[in-house]
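Let us walk through this model together, beginning with a pair of helices and moving on to the cores and a few single residues. Please keep the structure open beside the text.

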Amino acid sequence: MESKSIEEVKELMEKDKGSVVDLKSLNDFKVKYLGKKGLISELNSLIKNIPNEEKKEFGQKVNEVRNLFNDFYEEKKSKFETALLNDRLSREAIDISLPATKIVTGAPNILEKLVEEVESVFMSMGYDVVDGPEIEYDKYNFEMLNIPKGHPARDAQDTFYLEGEEILLRSQTSPVQVRTMLEGKGSVPIRMICPGKTYRRDDDDATHSHQFMQIEGLLVDKDISLSDLKGMIDVVMKKLFGQDVESRFRPSYYQFTEPSVEVDISCFNCKGSGCNICKKTGWITVAGAGMVHPNVLSMSGYDPKVWSGFAFGFGAERLAMLKYDINDLRVFYNTDLREVKIFDRKESE
Ligand code: DAH
């Protein structure tokens with residue numbers, strides 16, 4: 001194809017300008033003049049055939065055409081892009097007068113928070129935090145805790161059995177005592193707590209749920225007495241509920257402890273004068289506890305003539321209800337963020 005002269009290209013370009021109406025046609029225009037085989041590019045390649053003395057002038061003329069092209073191209077490009085942007089902005093306009101959507105953030109589960117607090121108190125006293133299975137053998141949940149098959153104490157726990165009579169959902173965290181001792185293989189001291197879920201078949205009122213949480217504890221060593229248990233409970237309760245909280249033991253009965261006690265704390269709300277929280281008694285029950293029964297020690301490989309220990313089991317929801325002034329157990333397992341938030345606020349007050 002015969003190359004066009006500079007003047008021809010210039011004229012043609014002036015004519016073509018009229019067909020540039022948007023970014024697409026602008027791009028076609030660019031390809032036509034500056035593309036690999038574009039008309040201006042071709043002029044450039046002609047330069048080598050031009051006699052030396054004319055090269056300069058030729059080059060200048062080509063540059064002029066190129067500058068004309070550039071000026072036009074840049075102007076159109078920015079014009080089309082601005083138009084495009086304005087168009088988009090008007091279509092995607094944000095109405096800033098609309099009320100904003102509230103961002104709901106999560107909050108830690110209040111029960112989990114309480115458990116963490118209890119854990120850190122016990123860890124500061126050298127206790128390990130251990131775990132145990134929620135699906136448990138009858139052997140650990142009952143038999144090795146001195147509750148043989150057919151024992152009436154089993155009825156009280158309304159257990160969920162999973163397979164026959166041997167596998168169940170643990171009705172208490174006490175089997176973790178057995179597991180810890182078996183693992184300890186006779187070595188001392190044992191100092192552990194185990195927070196965990198437990199299951200029973202009663203959920204008939206606001207203070208019972210088929211799933212709840214206990215915080216089990218066990219200490220085994222030489223010459224451990226009930227007063228060690230009392231001292232430890234007192235320290236922990238003061239740390240959790242305040243320095244002026246008192247604790248007391250009432251005699252009780254559990255198959256795996258002897259003697260057994262019920263642990264009460266003085267009502268931190270009314271300071272003993274009687275209110276709704278303590279049901280007008282001035283005291284609130286928070287745990288079952290006692291000295292580990294000799295049978296339990298020996299079944300798990302610890303000679304009761306040499307070793308002694310104490311054990312305790314807190315109701316975790318109970319502690320949280322008291323600490324955060326909650327009156328329905330079921331809210332702990334509720335995922336309603338509004339409720340979680342309320343506790344979160346109380347906490348930080
Ligand atoms: N496991 C008992 C219950 O669920 C609570 C308990 C009582 C745990 C006395 C203990 C204990 O470790 O020594 O009712």
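Start with helices α5 and α8, which are oblique to each other, because angles under 35 degrees count as roughly parallel, over 145 as roughly antiparallel, 65 to 115 as roughly perpendicular and the rest as oblique. Their packing angle is about 135°, and their axes lie 10 Å apart. Here axes are lines fitted to C-alpha atoms, for helices over the stretch in contact, and angles run from 0 to 180 degrees between N-to-C directions. Helices (H or I, at least four residues) and strands (E, at least two) are DSSP runs, numbered from the N terminus.

A word on the ground rules: this is a predicted model, in which local features need pLDDT of at least 70 and side-chain atom pairs count only at pLDDT 80 or more, while totals for chains, interfaces and linings use all residues. Residues are numbered from 1 along each chain as its sequence is written, and side-chain values use heavy atoms, with hydrogens and water left out.

Back at the helix pair, you will find E117, V118, V121 and F122 of α5 meeting M232, V236, K239 and L240 of α8, where contact means heavy atoms within 4.5 Å. By class, this contact has six nonpolar, no polar and two charged residues; Ala, Val, Leu, Ile, Met, Phe, Trp, Tyr, Cys and Pro count as nonpolar, Asp, Glu, Lys and Arg as charged, and the others, Gly among them, as polar.

Both helices also feed the largest nonpolar core, which holds 48 residues and has M237, V286 and F314 as the members with the most contacts inside it. At least two core residues each come from α5 (110-123), β6 (211-221), α8 (226-241), β8 (257-266), β9 (283-292), β10 (308-315) and α10 (316-324). Such a core is a set of buried Ala, Val, Leu, Ile, Met, Phe, Trp, Tyr and Cys residues joined through side-chain atoms within 4.5 Å. Buried means under 20% relative accessible area, exposed over 50%, partly exposed in between (1.4 Å probe, protein chains only). What does V286 touch, leaving aside neighbours within four places in sequence? Its partners are M237, V263, I265, G313, F314, G315, L319 and L322. A second, separate core has 21 residues, including L145, V176, C194 and A311.

V176 leads us to helix α7, where it is one of the buried residues, along with P175, Q177, V178, T180, M181 and G184. This helix (residues 175-184) is mostly covered, with seven of its 10 residues buried. Those buried residues pack against β2 (135-137), α6 (138-141), β5 (190-199), β6, α9 (294-299) and β10. Just after α7 comes K185, with a positive phi near 45°.

Three strand residues round off the tour. L168, in β4 (residues 167-169), counts as buried because its relative accessibility is 0%. Beyond four places in sequence, L168 touches several residues, among them E134, I135, Y137, F142 and Y161. S266 in β8 is buried too, at 9% relative accessibility, and it contacts D244, V245, E246, G282 and W283, not counting neighbours within four places in sequence. Finally, Y254 of β7 (residues 247-254) counts as partly exposed, at 24% relative accessibility. Y254 and A289 are 35 residues apart in sequence, with their C-alpha atoms 8.2 Å apart in space.
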